[in-house]
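Visitor: I would like a close look at one part of this protein, the nonpolar patch on its surface. Could you walk me through that part and then through what surrounds it?

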Amino acid sequence: MYSTDRGIEELAQRREGESVSIEWLADRLQAFVDLNPAFEDAVERLSTFLARDDADDDPDA
């Protein structure tokens, strides 16, 4: 188990049943990067992955 797995599991448990907006997620990611600039590249990669995730599944895209 990667250390990130524990964080992902905590997120799923604490926010279970909640719905969040993309705006909320973007604001939280930006706040995280503001507090932790060393993780800017990782957050950028995650954001790009999430933004393009459904497009990668479309063979016509």
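Guide: Helix 2 and helix 3 each supply at least two residues of the nonpolar patch, in what is a predicted model. The members of this surface patch are Val 20, Ile 22, Trp 24, Leu 25, Leu 46, Phe 49 and Leu 50, and together they present about 660 Å² of accessible area.

Let's pause at one of them. Leu 46 is found in helix 3. Is Leu 46 buried, exposed or partly exposed? Its relative accessibility is 40%, so Leu 46 counts as partly exposed. Membership in a patch asks for over 30% relative accessible area, and Leu 46 has its place in this nonpolar one.

From here we can turn to the largest pocket, whose volume is about 930 Å³. Its lining is made of 24 residues, and those closest to the pocket centre are Leu 11, Trp 24, Leu 25, Leu 29 and Leu 46. You will recognise some names: Trp 24, Leu 25 and Leu 46 also belong to the nonpolar patch. Two or more lining residues come from each of helix 1 (3-14), helix 2 (22-35) and helix 3 (40-56). Helix 2 gives the largest share of that lining, with 8 residues. Sorted by class, the pocket lining holds 15 nonpolar residues, 4 polar ones and 5 charged ones.

Stepping back to the whole chain, you can see 3 helices and 0 strands, in the order α-α-α along the sequence. The protein has 61 residues, and buried ones make up 5% of them. Its accessible surface comes to about 5,800 Å², with 51% of that area belonging to carbon and sulfur atoms.

Now for some charged company. Side chains of opposite charge can pair when their charged atoms come close. How many salt bridges does a search of the whole structure find? The search turns up 2.

One of the salt bridges joins Arg 14 to Glu 10, with 2.7 Å between the closest N and O atoms. Both of these residues lie in helix 1, where they are 4 residues apart, about one turn of the helix. As for their surroundings, Arg 14 is exposed, with a relative accessible area of 63%, whereas Glu 10 is partly exposed at 39%.

Another salt bridge links Arg 15 with Glu 18, and here the closest N and O atoms are 3.2 Å apart. Arg 15 has a relative accessible area of 39%, so it is partly exposed. Glu 18 is partly exposed too, with a relative accessible area of 44%.

To return to where your request began, the patch draws at least two residues from helix 2 and at least two from helix 3, and those two helices also contribute to the lining of the largest pocket, as does helix 1.

Methods: Residues numbered from 1 in each chain as written. Predicted model: local features only at pLDDT ≥ 70, side-chain atom pairs only at ≥ 80, totals over all residues. Heavy atoms only, no water. 1 Å grid on protein atoms, 1.4 Å probe; cavity = no way out; pocket = protein on both sides within 12 Å on 5 of 7 lines; lining within 4 Å. Points joined across faces, edges and corners; volume = space filled by probe spheres on them. Nonpolar A, V, L, I, M, F, W, Y, C, P; charged D, E, K, R; others polar. Buried < 20%, exposed > 50% of the residue type's maximum accessible area, 1.4 Å probe, protein only. Areas by Shrake-Rupley, 256 points an atom, 1.4 Å probe, with all protein chains shown as cover. Salt bridge = Lys/Arg side-chain N within 4 Å of Asp/Glu carboxyl O. Patch = residues over 30% accessible without salt bridge, like charges linked within 9 Å, V, L, I, M, F, W, Y side chains within 5 Å.
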